[in-house]
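Work through these short exercises with the structure in view. Try each task before reading its solution.

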Amino acid sequence: MALLCYHNQVLWLVNMMLAGEKQHYALTLLKHLFNHLPAKLMVGLLYNIGCQLKCSCCKWGLLTNDNLTHLKFAISVFHVYGHQWPCQIVYHPCKCVSFGLLDGEGCKHLWNSLKFLILILGASGVHNIVYFLHQVMLTAE
C-alpha cells in the first residue's frame with residue numbers, strides 16, 4: 001500500500017502481508033504521516049474505502065481526536081459510484097472542499113508502472129526486494 005502526496009509522489013510504502021485491503025495498513029501510514037506534519041495542518045485523504053475507515057476510526061478510536069479533526073475523508077472518483085447514494089454526495093472529492101479536481105487514482109498509476117516487478121520479485125527475499133525497489137525508485141527520478 002502506498003501513501004502519495006497531492007502531486008502523486010510516493011511518500012511511504014507498506015508491504016502488505018495479508019490479502020485484501022486491511023485498515024491497519026492505512027492507519028499505519030496515516031499515523032506515520034501525522035508524526036511528520038505540523039499539528040494544525042489539514043489533511044485530505046482519498047481512499048477507496050474512506051467511508052469505512054472513518055467509521056472505524058470514530059467507533060473504535062483508532063486515531064486520536066486531534067488527528068481526526070484534521071483529516072478530511074473522501075473516496076476515489078471511480079470507486080464512489082460503487083457505494084450507496086449518501087456516500088456519493090458526502091465523500092465525492094469534487095463535492096468536498098479543498099480536493100479540487102483530484103480523482104484519487106495516483107496509486108493505480110503507480111501500481112501500473114510497477115506491475116512488471118510482481119513476477120521478478122515473487123520469489124525474492126526481503127532484502128532483495130528492498131534493494132530492487134530502491135534501485136527502481138532511483139532510476140524513476
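A contact means heavy atoms within 4.5 Å. This is a predicted model: local features need pLDDT of at least 70, side-chain atom pairs count only at pLDDT 80 or more, and totals for chains, interfaces and linings use all residues. Residues are numbered from 1 along each chain as its sequence is written, and side-chain values use heavy atoms, leaving out hydrogens and water.

**Exercise 1. The fold**

Task: Find how many helices and strands the protein has, and their pattern along the sequence.

Solution. Start with the count. There are eight helices and four strands. Helices (H or I, at least four residues) and strands (E, at least two) are DSSP runs, numbered from the N terminus. Next, read along the sequence. The pattern is β-β-α-β-α-α-β-α-α-α-α-α. Now check the radius of gyration, taken over C-alpha atoms. The globule rule is 2.2 Å times the number of residues to the power 0.38. The protein has a radius of gyration of 16 Å, close to the 14 Å that the rule gives for 141 residues, so it is as compact as a globular protein of that length. Finally, take the spans. Along its principal axes the C-alpha trace covers about 45 × 30 × 30 Å.

**Exercise 2. Strand 3 and its partner**

Task: Work out which residues of strand 3 form its covered face.

Solution. Locate strand 3 at residues 43-46. Val43 and Leu45 make up its covered face. Gly44 and Leu46 make up the uncovered one. Then look for the partner. Strand 4 (residues 71-74) runs parallel to strand 3, and four bridges join the two. Two strands pair if DSSP finds at least two bridges between them. Leu46 has Ala74 of strand 4 as its bridge partner.

**Exercise 3. Asn8 and Val10**

Task: Place Asn8, then list what Val10 touches.

Solution. Asn8 sits in the loop between strand 1 (2-4) and strand 2 (10-13). Check its backbone. Most residues other than glycine have a negative phi. Phi of Asn8 is positive, near 60 degrees. Now the exposure. Buried means under 20% relative accessible area, exposed over 50%, partly exposed in between (1.4 Å probe, protein chains only). Asn8 has 43% relative accessibility, so Asn8 counts as partly exposed.

Move to Val10, in strand 2. Val10 is partly exposed too, at 32%. Leaving out residues up to four places away in sequence, Val10 touches Leu3, Leu4, Leu110 and Met137. Last, try a distance. Val10 and Gly106 are 96 residues apart in sequence, and their C-alpha atoms are 9.4 Å apart in space.
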